[in-house]
Amino acid sequence: MLLDADLAELYGVETKTLNRAVKRHRDRFAHDFMFQLTEEETGNSRYRIGRSGWGGRRYLPQAFTEQGVAMLSSVLHSKRAVMVNVEIMRAFVRLRRILATHADLALKLAALEKKYDAQFKSVFDVIRELMTPPEPPRKRRIWFVSDD
């Protein structure tokens, strides 16, 4: 999913322009193409999302699914909108391929684990550990020591 502010930046338009275009063509955006985030869902991202002149967004952000992003090119009539849409669709396809590959590996690993006994359990545990994404690195604190 992509937020309206992020998409507007990619398309080179203001967020309100993007949302106005969507409102004018509301019939093209089914409920599974986009939805409005709740206050709770937006709580942690308030500082990342664009702000209005009075210090906050007037409306909660819209989140667009892959189908919603595809539909945006039909309501934003610019060459850039079409080019950006093509690249976003390619990114979604690459992401689906990566997820499918990962799912296939997990299924094959489970089948092998059932086939072989406990002697290979440690090997399967290591492989499963290698398949899990690493945790994001923690920020290191920088300490300054004086010569006093």
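A salt bridge is taken here as a side-chain nitrogen of Lys or Arg within 4 Å of a carboxyl oxygen of Asp or Glu. In the predicted model, this criterion yields 3 salt bridges. One of them joins the side chains of E87 and R90, with an N to O distance of 2.9 Å. Both residues belong to helix α5, where they are 3 residues apart, about one turn of the helix. E87 is partly exposed at 42% relative accessibility, and R90 is likewise partly exposed at 45%.

A further salt bridge links E66 to R96, the closest N and O atoms being 2.5 Å apart. Because E66 is located in helix α4 and R96 in helix α5, this pair ties together parts that are 30 residues apart in sequence. R96 is partly exposed, its relative accessible area being 44%. E14 and K16 also form a salt bridge, and their closest N and O atoms lie 3.8 Å apart.

With respect to overall architecture, the protein chain comprises 6 helices and 3 strands, arranged along the sequence as β-α-α-β-α-β-α-α-α. Of its 148 residues, 24% are classed as buried. The largest nonpolar core contains 18 residues, and those with the most contacts inside it are L7, Y11, L18, F29, F64, L72 and L76. At least two residues of this core are supplied by each of α1 (4–11), α2, α4 (66–75) and α5 (79–115). Helix α5 provides the largest share, 4 residues.

On the surface, R20, K23, R24 and R26 form a positive patch. Within this group, R24 is situated in helix α2 (residues 15–24) and counts as exposed, with 59% relative accessibility.

Notes:
Residues numbered from 1 in each chain as written. Predicted model: local features only at pLDDT ≥ 70, side-chain atom pairs only at ≥ 80, totals over all residues. Heavy atoms only, no water. Patch = residues over 30% accessible without salt bridge, like charges linked within 9 Å, V, L, I, M, F, W, Y side chains within 5 Å. Areas by Shrake-Rupley, 256 points an atom, 1.4 Å probe, with all protein chains shown as cover. Lys, Arg positive; Asp, Glu negative; His and termini not counted. Charge placed at Lys NZ, Arg CZ, Asp CG, Glu CD. Buried < 20%, exposed > 50% of the residue type's maximum accessible area, 1.4 Å probe, protein only. Core = buried A, V, L, I, M, F, W, Y, C linked by side-chain atoms within 4.5 Å.
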